[in-house]
Amino acid sequence: MRKLFLMSAATAALMLGPASAADLKFTPGEGDFNWESFEALKATQLNGEEVTVFGPWLGPDQENVEAVLAYFAEATGADVKYVGSDSFEQQIMIDAEAGSAPNVAVFPQPGLAADMAKRGFLTPLADGTGDWVRENYAAGQSWVDLGTYAGEDGTENLYGFFYKVDVKSLVWYIPENFEDAGYEIPETMEDLKALTEQIAADGGTPWCIGLGSGGATGWPATDWVEDMMLRTQAPDVYDKWVSNEIKFTDPAVIGAIEEFGWFARNDAFVAGGAGAVATTDFRDSPKGLFSSPPQCYMHHQASFIPAFFPDGTQVGTDADFFYMPAYAGKDLGKPVLGAGTVWAVTKDSPGAQALITFLQSPIAHEIWMAQKGFLTPYKAVNTDVFSDPTLKKMNDVLLGATTFRFDASDLMPGGVGAGSFWTGMVDYTGGKSAEDVAAAIQKSWDSLK
């Protein structure tokens, strides 16, 4: 087993702030941090070759990715330049059409990468990359599927390599509240439903749910429905739903909506009653966990939600989370819903291909793990490197996944995934039937064709 991250001066540079190539002083043999990958990189002579990388990260995340790229530059001699933009999605298409694309682009969503592959703007990854992902990533086939697109001639190839992932299949709770009430962490969806009923029978309120988000009101419910699709249907059914091969009006989709409704449309199960779900702002909805006595015991939300917890909340002590469990009786494994960034070659070069190969080394992941805001499905990483135990625990959820699927609404056409799906979920929590809501969403999708 590899030991904890030990790289003398490099350690300090990476742990305390962004690293430039000059910061990194490598002494092979000092610690056991996959020096073999460093030696292999040194054999890749890229002295003087410029490798440009364009992505969505600014601020601290830009500093973090630059620390990773500095290691690659130091090892290979390449001149690596990263540029970040909050208008990445628009700018990358403009650059590609103008013939001035970077060597590597980092896409926040696979849908845009797929569009660019279809237009001939991406280069397939090296032979064998898909086999590597299948073997080395948890739920490896899922990541291959998410990075495989049809090219300009219609032939499918692996174009995208996922690096830096987020997890959504989480339920937040207050350990002290559970302990005081004698509640146990549910291991299955059957257990979660039984716990929900038990809390209500005890006179408490099981859930806080809020869909309010200004012009984006409704999106938290789409995460619920997506999680329930993965817990009631096989992954290929989820994929066909995302592509609309299976319509919103299909019984599988209606069933997933009603699974969400089992929690959200029962007055006894939701703080403020079912009528408050659509009008409660998602940023305010977890506050009920922290009241005394608690206004609710559980809150379903992605890994970012602690940003809206009361000041001073220590995740892992004051508040914690557990994996949104799967049904024991449906034999669908441990599906995880999330998001992530996909790296693709937009201007082929030896340096671009070498950078994608570098992302297949543990150290490329561990450098960012030692900082902040990074999760990975790479099974070979040393998770002791995480600087935050909460991230380590989230990463364990990711590493335990048998299936990973990207947020469906982010993959659907904008008019649906960021439009009628949102408003439909508001209508559903307001009392409309799942059948009527699904029909309206499907009608909006049909109108885009």
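These are my notebook entries on a sheet, a helix pair and the cavities of a predicted model.

**Entry 1: the sheet**

I looked up the strand order first. The sheet is open, has three strands and runs β8-β7-β9, with antiparallel pairing. I noted β8 (299-300) and β9 (320-323) as the edge strands, each pairing on one side only. I then checked what packs on the sheet. Helix α15, residues 389-399, does so and touches β7 and β9. The direction of α15 makes about 10° with that of β9.

I went back to the pairing of β7 with β9. Strand β7 covers residues 170-173, and four bridges join it to β9 in the antiparallel sense. Which residue of β9 does Trp-172 stand opposite? I found Phe-321 there. As a reminder to myself, strands of a sheet pair through backbone hydrogen bonds.

**Entry 2: α9 and α12**

I took the angle and the distance between the axes, since these describe two packed helices. Helix α9 spans residues 189-201 and helix α12 spans residues 251-264. Their axes come within 11 Å and cross at roughly 30°. Angles under 35 degrees count as roughly parallel, so I entered α9 and α12 as roughly parallel to each other.

Next I listed the residues that meet. From α9 they are Met-189, Leu-192, Lys-193, Thr-196 and Glu-197. From α12 they are Glu-259, Trp-262 and Phe-263. I sorted this contact by class and got four nonpolar, one polar and three charged residues.

**Entry 3: cavities**

How many cavities of 30 Å³ or more does the whole structure hold? The search gave two.

The largest cavity has about 30 Å³ of space. I wrote down its lining as Cys-208, Ile-209, Gly-210, Pro-220, Trp-224, His-299, His-300 and Gln-301. At least two of the lining residues come from α10 (219-232), and at least two from β8. Strand β8 is also an edge strand of the sheet in my first entry. By class I have four nonpolar and four polar residues in this lining, with no charged ones.

The second largest cavity is also put at about 30 Å³. Its lining consists of Val-133, Tyr-137, Trp-143, Val-144, Leu-158, Gly-160, Phe-161 and Phe-162. I noted α7 (140-147) and β6 (161-167) as the elements that give two or more residues to this lining. Which classes occur in the lining of the second largest cavity? I counted seven nonpolar residues, one polar and no charged.

Notes: Residues are numbered from 1 along each chain as its sequence is written. This is a predicted model: local features need pLDDT of at least 70, side-chain atom pairs count only at pLDDT 80 or more; totals for chains, interfaces and linings use all residues. Side-chain values use heavy atoms; hydrogens and water are left out. Two strands pair if DSSP finds at least two bridges between them. Contact means heavy atoms within 4.5 Å. Axes are lines fitted to C-alpha atoms, for helices over the stretch in contact, and angles run from 0 to 180 degrees between N-to-C directions. Angles under 35 degrees count as roughly parallel, over 145 as roughly antiparallel, 65 to 115 as roughly perpendicular and the rest as oblique. Ala, Val, Leu, Ile, Met, Phe, Trp, Tyr, Cys and Pro count as nonpolar, Asp, Glu, Lys and Arg as charged, and the others, Gly among them, as polar. On a 1 Å grid over the protein atoms alone, a cavity is a set of points where a 1.4 Å probe fits but cannot get out, and a pocket is an open set with protein on both sides within 12 Å along at least five of seven lines; lining residues have an atom within 4 Å of a point. Grid points are joined across faces, edges and corners, and a volume is the space filled by probe spheres set on the points.
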